[in-house]
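Visitor: I am new here. Please walk me through this protein.

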Amino acid sequence: MASKEPDHEHREDEDAAPAEEEDTGAQIAPIIKLEEVAVSTGEENEDPILDLKSKLYRFDKEGNQWKERGAGTVKLLKHKETGKVRLVMRQSKTLKICANHLVLPTMTVQEHAGNDKSCLWHASDYADGELKDELFCIRFASVENCKTFMQMFQEVAESQKPKEENKDASAAAGLLEKLSVDEKKTEDKAGEEKKETEATEKADTEKKDGEAASST
């Protein structure tokens with residue numbers, strides 16, 4: 001009569017763990033040796049003055065619709081020598097540039113109607129290797145970040161006005177101030193001359209009245 005008991009010895013043999021491979025101590029050199037390569041981002045001579053996570057869109061005129069350019073970090077970078085500021089944004093995963101343009105004094109940024117976390121601006125962008133007039137829309141995770149971006153963008157645009165314009169504005173202000181001072185001096189002088197004339201006329205009148213009285 002056959003036994004119904006499982007064959008433990010047989011199963012134990014099958015379940016036994018394979019023996020560990022013996023370490024021979026041999027060392028195998030890698031086939032290809034990789035050397036560390038310094039990667040230039042083009043931002044080495046610039047200082048970041050703004051760095052915020054966001055999502056960027058551009059308006060497609062042909063399709064009459066907004067198209068996403070990428071999600072990543074938008075930066076405002078100020079050149080250490082020239083003082084010029086450019087806006088740069090790269091996609092977070094691929095690091096592909098999706099916006100790259102100077103912030104010019106003629107630029108303005110405004111809120112996106114109906115969304116207080118987004119704003120719009122026009123720029124001549126160079127992200128694709130050639131200048132293109134683009135209408136950008138950028139969206140942030142919070143209203144505070146959007147306001148920070150807009151404020152910094154406008155401050156940078158104002159600061160980029162040519163020094164000649166600022167100098168001319170200062171000269172014009174100085175000229176206006178000088179004219180105001182000169183006008184005041186002229187008015188004061190005219191007032192004094194008027195008082196002197198009135199005093200002289202009064203003295204002459206009193207003298208004539210006195211002579212008339214004495215003659216009678």
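The questions below go from the overall fold to single residues.

Visitor: In what order do the helices and strands run from the N terminus on?

Guide: This is a predicted model. The protein has three helices and seven strands. From the N terminus on, the order is α-β-β-β-β-β-β-β-α-α.

Visitor: What share of the residues of the protein counts as buried?

Guide: The protein exposes about 17,200 Å². Carbon and sulfur atoms supply 50% of that area. Of its 216 residues, the share that counts as buried is 22%.

Visitor: Which element supplies the largest share of the largest nonpolar core?

Guide: That core holds 25 residues, and Leu-87, Trp-121, Ile-138 and Phe-149 touch the most other members. Strands S1, S2, S3, S4, S6 and S7 and helix H2 each supply at least two residues. The largest share is six residues, and it comes from H2.

Visitor: Which residue of helix H2 (143-159) is in contact with Ile-138?

Guide: Leave aside the neighbours of Ile-138 within four places in sequence. Its contacts then include Leu-56, Val-74, Met-89, Cys-119 and Trp-121. Helix H2 covers 143-159, and the contact of Ile-138 with a number in that range is Phe-149.

Visitor: Is Arg-86 buried or exposed?

Guide: Arg-86 sits in strand S3, residues 85-91. Its relative accessible area is 15%. Buried means under 20%, so Arg-86 is buried.

Visitor: Which side chains does the side chain of Arg-86 join through polar contacts of 2.8 Å and 2.9 Å?

Guide: Beyond its neighbours within four places in sequence, Arg-86 is in contact with residues including Gly-42, Lys-75, Leu-77 and His-101. Two other residues on that list take part in the polar contacts. At 2.8 Å the partner is Glu-46. At 2.9 Å the partner is Asn-100.

Visitor: Why is there no bond between the sulfurs of Cys-119 and Cys-146?

Guide: Cys-119 is buried, at 0% relative accessibility. Its closest cysteine sulfur is in Cys-146. A disulfide needs sulfur atoms within 2.5 Å. The two sulfurs are too far apart for a bond because the distance is 4.1 Å.

Visitor: How many disulfides are in the whole structure?

Guide: Cys-137 is buried too, with a relative accessible area of 5%. Its sulfur has its closest cysteine sulfur in Cys-119, at 7.1 Å, which is too far for a bond. A search of the whole structure gives a disulfide count of zero.

Definitions and conventions. Residues are numbered from 1 along each chain as its sequence is written. This is a predicted model: local features need pLDDT of at least 70, side-chain atom pairs count only at pLDDT 80 or more; totals for chains, interfaces and linings use all residues. Side-chain values use heavy atoms; hydrogens and water are left out. Helices (H or I, at least four residues) and strands (E, at least two) are DSSP runs, numbered from the N terminus. Buried means under 20% relative accessible area, exposed over 50%, partly exposed in between (1.4 Å probe, protein chains only). Accessible areas come from the Shrake-Rupley method with a 1.4 Å probe; for residues, only the protein chains shown count as cover. A polar contact is a pair of N or O atoms within 3.5 Å; within protein, one must be able to donate a hydrogen and the other to accept it, and residues adjacent in sequence count only if both atoms are side-chain atoms. Contact means heavy atoms within 4.5 Å. A nonpolar core is a set of buried Ala, Val, Leu, Ile, Met, Phe, Trp, Tyr and Cys residues joined through side-chain atoms within 4.5 Å.
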